[in-house]
Each structure stands twice: as C-alpha cells, then as structure tokens.
Amino acid sequence: MSKAITFSEYGTPEVLRLSEVDLPEPGPGQVRIRVRAASVNPLDLKIRSGLMAKVAPARFPVTPGLDAAGVVDAVGEGADAAIGDEVLGGAAGGSYGEYALLDRPVAKPQGLSWEVAASLVTVGQTAFRVLGELEVRAGQTLLVHGAGGSVGTVAVQLAAARGLTVVGTAGEHDLERVTGLGATAVRYGDGWAERVKDAAPQGVDAVFDASGAGVLAESVALTGDSARVITIADMTAAQHGVRFSAGSAEDGQSLPELVRLATAGELDVPVWRAYPLDQAATAHGDLEARRNRGKVVLLP
C-alpha cells in the first residue's frame, strides 16, 4: 500500500483526500517511480470539479495528476529505464501520490530540479504541439493569449527562439515578466484587440489562445482566418470555427527537446509554490483563485 490523493465525487477542492491505495504495478513499457514532485495543472481542476464529466466520465476513486518526476523503483517489460534512474514524464493513472506510473519516461538531468522537471511536462508539450499545429515560422507575428500563464510562458519563449515576433496578452502584474520572455506585452481586458493592433501594426499571422477568456471572435477577426487561431482553453471553439487542441500520443516526442532547453537555461518554467502532498486541496484552491504566478507542485 501507499499514500495518494484521491476523490470519490466531483466538487470543490475539499473533495480531495489523502488515502491509502494499492501500489501501482508497471505494465509493458512503463516504469513505476517514487514521486519526488508532481505538477498541478488546470485540467486537474476541471476533472475534479466535473467540468470534463461529459467528455471523460470519472471512474471513482480518482487519483489526479498528469505529470511527475521521480526515481524509478520498478520497470515493466520493454521499459526504457532502469531501477534507480531519475526520470520525468506523463503519468498513467494519476501522479498525486507517493508512487506513479510513467508511460514514456525521459531522463532527468542533474541540473534540472525535481519541481521544474515535473512542471515542464504538460505545459511544455502543449505549447510545443500548438506551435506545430499553427505552422508558424520565423518572421511571422504570433499573438499568445494568457502569456503570463504556464503554457503561455513556454509558448512565448519557444516562439521567440524560433524567430517569431510575439505579442502576449496578460494581466497588469505579469506585463513586465512577459516582456522579459521576449514578447511585446499587452494588457488584457476591454480594448485588448486595439492594443494588439497598436503593438503589431504589421498584423497578426496566428493566435494561440491559452486563456479561455472569450477572445476567439476578435482573434479570428485579427487574423482574418479561423484556421489561424487555436485554443486549448475555450470550449466554444467550434462556434467560431476555431480548432480546439487537445493532447495527442505524439506529445511525448517533444519532451527530450524541452528538457534539453530547460537544462541549458534556454527555457524558463517558473515554479510559484511547492506544497506537501496532503495540502493538495490548498494547491487546487490557489490555482482556482489564480493566486499563482507560475507552476504549482506537490511534494510527496
């Protein structure tokens, strides 16, 4: 047996409980890790609250969590890691626990902290995937909504490094930080589209919406083509002819490159706060209230 956070009904953060669970056993290609850090993502909150119930009904009890980093302590047949290896990756069956299963573990370099290693996975893969789907290239102008958030922060850095001109919408408190990442920062809220036009008189070639803040109609108008707008956060995408980008089996292919960039200091994934595992409800509450200024992680 081991300890993990579980919930047995949809609801507020208070449904999260520290529970005794069976020790997970790795299947073919999987490894089991002793978790050193687990990332908290906005999707975890949506699953816990029931917002995803129609798309993917939960089978209670649920252990939340998409990402983890830790030390391998058991390997399945054909797994590309050995006992004692330090690894990170996407978790199968949840990561908020003392142990987790990883499907495709990637080696964690010594220079990468456990907190950053766990934080990098979903946000990095998501940003990498959407930039590929938008097919943006050097010399073009990309607008990133939610540039101060975790996915937006990575997207801005990746796009700027590829030679794009990046404009990022963000809250007043994040404008300076977004500018430091290589974007022209624009305050979100009423009138944002006019401020973007002022910041990018050459026009906007593509839009990456990581905010879900009801910006799709004006984003389509800015680009003149709904195919040039992708969202990861706005469930009304289809009403605007906009693509909603969800995770894919190919996401893991970008993780080694993201790890390399982060280790080399070419990609910053800020971690706002780390909580003990038994404070998962507090972590969810802080993320839900948008008090965080970077990634939130749990330390079992």
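The following dialogue examines how the terms applied to this predicted model are justified.

User: What kind of model is this, and how are its residues numbered?

Analyst: This is a predicted model, in which local features need pLDDT of at least 70, side-chain atom pairs count only at pLDDT 80 or more, and totals for chains, interfaces and linings use all residues. Residues are numbered from 1 along each chain as its sequence is written, and side-chain values use heavy atoms, with hydrogens and water left out.

User: Why is Leu-88 called buried?

Analyst: A residue is buried under 20% relative accessible area, exposed over 50%, and partly exposed in between, with a 1.4 Å probe and protein chains only. Leu-88 has a relative accessible area of 0%, and is therefore buried. This residue belongs to strand 5; helices (H or I, at least four residues) and strands (E, at least two) are DSSP runs, numbered from the N terminus.

User: What does Leu-88 touch, apart from residues up to four places away in sequence?

Analyst: Contact means heavy atoms within 4.5 Å. By that rule Leu-88 touches, among others, Ala-68, Leu-102, Pro-105, Val-121 and Val-259. Its C-alpha atom lies 9.9 Å from that of Pro-109, a residue 21 places away in sequence.

User: How do you know that Ala-280 is buried?

Analyst: The relative accessible area of Ala-280 is 1%, so the residue counts as buried. Ala-280 is found in helix 8 (residues 280–288). Beyond its neighbours within four places in sequence, Ala-280 is in contact with Ile-5, Leu-16, Tyr-96 and Leu-298. Pro-270, ten residues apart from Ala-280 along the chain, has its C-alpha atom 19 Å from that of Ala-280.

User: What makes a group of residues a nonpolar core, and which residues have the most contacts inside the largest one?

Analyst: A nonpolar core is a set of buried Ala, Val, Leu, Ile, Met, Phe, Trp, Tyr and Cys residues joined through side-chain atoms within 4.5 Å. The largest such core has 45 residues, and Leu-134, Leu-142 and Phe-208 have the most contacts inside it. Elements giving two or more residues to this core include helix 2 (114–134), strand 8 (141–145), helix 3 (150–161) and strand 9 (165–170). Helix 2 gives the most, with eleven residues. A second, separate core of 16 residues includes Val-167, Val-186, Leu-216 and Ala-237.

User: Why is helix 3 described as largely enclosed?

Analyst: Nine of its twelve residues are buried, so helix 3 is largely enclosed by the rest of the structure. Among the buried residues are Val-151, Val-154 and Leu-158. The buried residues of helix 3 pack against helix 2, strand 8, strand 9, helix 4, strand 11 and helix 7.

User: How do you know that the length of helix 3 agrees with expectation?

Analyst: The expected span of a helix is 1.5 Å times one less than its number of residues. For the twelve residues of helix 3 this gives 16 Å, and the end C-alpha atoms are 17 Å apart, which agrees. Just after helix 3, Gly-163 takes a positive phi of about 90°.

User: What is notable about the phi of Glu-135, and why is this residue called exposed?

Analyst: Most residues other than glycine have a negative phi, and most peptide bonds are trans. Glu-135 is not a glycine, yet has a positive phi of about 55°. Its relative accessible area is 61%, so Glu-135 is exposed. Glu-135 lies in the loop between helix 2 and strand 8.

User: Why does Arg-290 count as exposed?

Analyst: Arg-290 has a relative accessibility of 64%, and therefore counts as exposed. Its phi is also positive, near 60°, in a residue other than glycine. Arg-290 is placed in the loop between helix 8 and strand 15 (295–299).

User: Where is there a cis peptide bond?

Analyst: The cis bond joins Phe-60 and Pro-61, with omega about -5°. Pro-61 is in the loop between helix 1 and strand 4 (67–75).
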